[in-house]
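This report considers how helices, strands and charged side chains are arranged in one protein chain. The sequence and structure are shown first.

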Amino acid sequence: MRLLDTTLRDGEQAPGVSLSPDEKVEIARALERAGVAVIEAGSACTGAGERQAISRVTDLDLDARVTSFCRGMKGDIDLALECDVDGVHIVVPSSDRHIEEKVGTSREDNLEATAELVSYARDHDLWVEVIGEDGSRADLDYLEVLAETSLDAGAERFCFADTVGHTGPEHTHEAVSRLAELGPVSAHTHDDLGLGVTNALAAVSAGADLVHCTVDGLGERAGNVALEEVAIALSHVYDVDTLELEEVYDLAQIVSRVTGVQLPPNKAVIGENAFTHESGIHTDGTLKDDKMYEPYAPETVGRERRLALGKHTGRAGVAATLEEHGVEADGDEIAEIATRVTELGDRGRRVTDADLLAIAEDVTGEDRDRVVDLLDLTATSGGAVPTASIRLTVDGEERVASGTGSGPVDAAVSAIREALGSMADAELESYHVDAVTGGTDAVVTVEVTMVRNDRSVTVARSEADITRASVTAMVDALDRLLAADQRPLAPADD
């Protein structure tokens, strides 16, 4: 059982997504680390830039088979050959709607053309898969004939394509069962009905041994079936291995960053909430037994469990989070802290680590001197290069620094790192902006999560200026992380 990833082709067809050659190379390398068997690098007929990108991927000399998507034209195959790909996916119509209305041909001529295309590609030593476009709405008898014609002409396999996410698992199983009697079959499913994974698993059950997927479920309309969801379903439910699962989360993050498509928090496997617990009952149960409220360990897919704070948080969650931050509190204090956290959550606030620690300091009476404090910030973005200057106190010592960046926030972050020197080695794990009010004078809330020495802290700050909100949140997060480290700060680097 293998997976074919088409993020670089079908995923890129999602509205607003356009990948540069460098970005395709980055994703291809991540797919290789994850052990993906086949990488569809693009469609060579798209243009010279796309062919350059495909060639960059083939030049990587990956273990994965690298392929190009081709329309039913010999010219497309020739362009794919220019990119030195290992194989091609030749898409041909299979439903009468596509044969007659889209292509304007007949069933018989479609069979003849398909055979000629396959023979031509095989004569040039290419691995060939024929995709029967709109196969889920095709006459099954004709789909069988098309598959048989393709295989007889030398195709390695025939793909059952639910091109518009039209069908259900029963029809998928019937169609793939009939096709599998003729030779190797793959499945290409979309998620328009929310049945992408279901149809993919139905196809596997019926005999398909290759599934087309995209990372994060990217693709046209509602997207393709998500690679990470198919992989974990096959592994967890059916004990079938397809990927190096521990690489899945990093892969998902890379694709999200490069494409600019954010991951929904409730997305299976890779969403922020997939291994996050807020409910007191769930948190308490999870702390007692990792498997109590999780189907599989987060480490399976390269993730970590997280306890969130909010109106549903109980004492066990508060105690565990305080322990993570090295804060000591007795039973009565924990109960009071939990009550205050609930009250804050009741007001519609997301309770961050910084909120919890501030509440804990108030309840326990443990005053804390700040390690890092923001005194002044100036940022400009009107010129050619955005710049920022910052004034901080660091362990009571005033430091001034400046920086440049791709934008005012980036420039301010550079200034912070310059001011803190080698101790500013925390990583920005997540950065999220929400408009709290409408209009041109909107207040924004910036929430950041920063990680240092295996310790993370989340801080949210609201301001009318996004740059100031971002910098304040980052400085507060760094202050918490450095205070927790309990080591003297080194002087700023020269």
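The following paragraphs treat a helix pair, a sheet with its packed helix, and a set of salt bridges in this predicted model.

**Helix 6 and helix 7**

Helix 6 spans residues 140–152 and helix 7 spans residues 169–180; they pack at an angle of about 40 degrees, and their axes are 10 Å apart. The crossing of these two helices is right-handed. On the side of helix 6, the contact is made by Leu140, Asp141, Leu143, Glu144 and Ala147, which meet His171, Glu174, Ala175, Arg178 and Leu179 of helix 7. By residue class, this contact of helix 6 with helix 7 divides into five nonpolar, one polar and four charged residues.

**The sheet of strands 11, 12 and 13**

Three strands form an open sheet in the order 11-12-13, and their pairing is antiparallel. Strand 11 (372–380) and strand 13 (397–404) stand at the edges; each has a single partner strand, so one side of each is left without a neighbour in the sheet. From one strand to the next, the twist averages 15 degrees. Strand 12 (residues 387–394) runs antiparallel to strand 11, and eight bridges join the two. Within this pairing, aspartate 373 has threonine 393 in strand 12 as its bridge partner.

Helix 15 (residues 408–420) packs on the sheet and touches strand 11, strand 12 and strand 13. The direction of helix 15 makes about 140 degrees with that of strand 13.

**Salt bridges**

The structure holds 24 salt bridges. Three of them are listed below, with the distance between the closest N and O atoms.

| Basic residue | Acidic residue | Closest N and O atoms |
|---|---|---|
| Lysine 24 | Glutamate 12 | 3.3 Å |
| Arginine 221 | Aspartate 192 | 2.8 Å |
| Arginine 370 | Aspartate 479 | 4.0 Å |

Glutamate 12 forms a salt bridge with lysine 24. This pair links distant parts of the chain, 12 residues apart: glutamate 12 lies in the loop between strand 1 (2–5) and helix 1 (21–34), and lysine 24 lies in helix 1. Glutamate 12 counts as buried because its relative accessibility is 15%, which is under 20%. Lysine 24, at 0% relative accessibility, also counts as buried.

Arginine 221 forms a salt bridge with aspartate 192. The two residues are 29 residues apart, with arginine 221 in the loop between strand 8 (210–213) and helix 9 (227–238), and aspartate 192 in the loop between strand 7 (185–189) and helix 8 (196–206). Arginine 221 is partly exposed, with a relative accessible area of 47%. Aspartate 192 counts as partly exposed at 30% relative accessibility.

Arginine 370 forms a salt bridge with aspartate 479. Here the link spans 109 residues, from arginine 370 in the loop between helix 14 (353–364) and strand 11 to aspartate 479 in helix 16 (residues 466–485). Arginine 370 counts as partly exposed at 34% relative accessibility, whereas aspartate 479 is buried, with a relative accessible area of 0%.

Which residues are linked with Arg370 and Asp479 in a network of salt bridges? The network also includes Asp373, Arg461 and Asp476. Aspartate 373 thus belongs to two parts of this account: the network of salt bridges and the bridge pairing with threonine 393 in strand 12.

Definitions and conventions
Residues numbered from 1 in each chain as written. Predicted model: local features only at pLDDT ≥ 70, side-chain atom pairs only at ≥ 80, totals over all residues. Heavy atoms only, no water. Axes fitted to C-alpha atoms, helices over the stretch in contact; angles between N-to-C directions. Helix = DSSP H or I, 4+ residues; strand = E, 2+ residues; numbered from the N terminus. Left-handed = near helix turned anticlockwise from the far one by under 90°. Contact = heavy atoms within 4.5 Å. Nonpolar A, V, L, I, M, F, W, Y, C, P; charged D, E, K, R; others polar. Pairing = 2+ DSSP bridges. Salt bridge = Lys/Arg side-chain N within 4 Å of Asp/Glu carboxyl O. Buried < 20%, exposed > 50% of the residue type's maximum accessible area, 1.4 Å probe, protein only.
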